[in-house]
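Please walk through this structure with the sequence and the 3D view side by side. The text follows the contacts with the DNA, then the sheet and its helices, then the two protein chains together.

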There are 2 protein chains.
Amino acid sequence: MADYDHPASESLTLLGVLRGLADPIRLEIVQHLGSVPEASCAALLGDRPRSSMSHHFQVLRESGLLHTRIQGVQHFNSLRKADLDERFPGLMEAILAG
Amino acid sequence: MADYDHPASESLTLLGVLRGLADPIRLEIVQHLGSVPEASCAALLGDRPRSSMSHHFQVLRESGLLHTRIQGVQHFNSLRKADLDERFPGLMEAILAG
DNA sequence: GATATTGTTCGATCAAAATCGAATTAAACC
DNA sequence: GGTTTAATTCGATTTTGATCGAACAATATC
């Protein structure tokens, strides 16, 4: 499968990031990824429908919060912490502390 | 007119605050209030309909971002910076820098 | 009291986003 | 090739939120 294209860090907007975070499921995903280097979609699934989660992963990717690395059949997600820190200093630290 | 009741700082949630910020008009209001001690609704109005702005002020109040002080016929709005800093350290600094 | 000013509330409409089952893609493995 | 596993895409539905005119409330001023 082809790789996803992730937005460049320069093109990230604060509003976009805030929109990405403004959902309970996505905030939970982000906070979970703050404490682990990466996690497969399955590992983040819980008992929710896969198609719903796929939607949230897409939103998180498009807002620049998440990077998805494809390895075989698995998709490994990680926080784009370095990019976010560079672009919005202090933001993720505050989010992950919450 | 009776005062508004603002949520106690202990009852603020990160998700609630993020939802409050996840709108272009509200983010603009918040960022503007970051650089000024307080501002009346009229001062923040721009050329938008009053009823739309009233809605956004309400959302901002309910999420704990904004405090509204009533003086005569005017409503003076201010950022609840101290409460937000106490509850979510570093968050507003990152938002206001953006 | 009449009028102007400031801002809210109501209610209807519109737009955006979440939800999720079913079908699909893609890799891995036998 | 057939099957299992991981995750997405499609499409329909539902839910949530934004928008904004009209009516209203409250204060100030003449």
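A polar backbone atom of B:Ala42 lies 2.7 Å from a phosphate oxygen of DNA strand C. The model is a predicted one, and the distances given here are computed from it. B:Cys41 also uses its backbone, with an N or O atom 3.2 Å from a phosphate oxygen of DNA strand C. In A:Arg26 the contact comes from the side chain instead: one of its N or O atoms is 2.8 Å from a phosphate oxygen of the strand.

Several elements give two or more residues to the surface near DNA strand C. In chain A they are helix H2 (24–33) and helix H4 (50–62), and in chain B they are helix H3 (41–45), helix H4 (50–62) and strand S3 (74–79). The largest share, five residues, comes from H4(B).

Which residues come nearest to DNA strand C? Of the 23 residues around the strand, they are A:Met1, A:His55, A:His56, B:Ala42 and B:Ser54. B:Ala42 is thus in this group and also has the backbone contact with a phosphate oxygen described above. By residue type, the surface near DNA strand C has nine nonpolar, 10 polar and four charged residues. On the DNA side, 64% of the atoms of strand C within 4 Å of the protein belong to sugar or phosphate, and the rest belong to bases.

The next topic is the sheet of chain B. Three strands form an open sheet in the order S1-S3-S2, and their pairing is antiparallel. Strand S1 (39–40) and strand S2 (66–71) of chain B are the edge strands, each pairing on one side only. S1(B) is joined to S3(B) by two bridges. The bridge partner of B:Ala39 in S3(B) is B:Asn77.

Helix H2 (residues 24–33) of chain B packs on this sheet, where it touches S1, S2 and S3 of chain B. The direction of this helix makes about 80° with that of S3(B). H4(B) packs on the sheet as well, touching S2 and S3 of chain B, and its direction makes about 120° with that of S2(B). H4(B) therefore has two roles in this description: it packs on the sheet, and it gives five residues to the surface near DNA strand C.

The last topic is how the two protein chains are related. Chain A is superposed on chain B by a rotation of 180° with 0.0 Å of shift along the axis, at an RMSD of 0.0 Å. This is the relation of a two-fold axis. Both copies use the same surface, as 100% of the contact residues of chain A recur in chain B.

Note on methods:
Residues are numbered from 1 along each chain as its sequence is written. Chains are lettered from A and ligands numbered from 1 in the order in which they are written. This is a predicted model: local features need pLDDT of at least 70, side-chain atom pairs count only at pLDDT 80 or more; totals for chains, interfaces and linings use all residues. Side-chain values use heavy atoms; hydrogens and water are left out. A residue is near a molecule or strand if one of its heavy atoms lies within 4 Å of it. A polar contact is a pair of N or O atoms within 3.5 Å; within protein, one must be able to donate a hydrogen and the other to accept it, and residues adjacent in sequence count only if both atoms are side-chain atoms. Helices (H or I, at least four residues) and strands (E, at least two) are DSSP runs, numbered from the N terminus. Ala, Val, Leu, Ile, Met, Phe, Trp, Tyr, Cys and Pro count as nonpolar, Asp, Glu, Lys and Arg as charged, and the others, Gly among them, as polar. Two strands pair if DSSP finds at least two bridges between them. Contact means heavy atoms within 4.5 Å. Axes are lines fitted to C-alpha atoms, for helices over the stretch in contact, and angles run from 0 to 180 degrees between N-to-C directions. Copies are superposed by least squares on the C-alpha atoms of residues with pLDDT of at least 70 in both.
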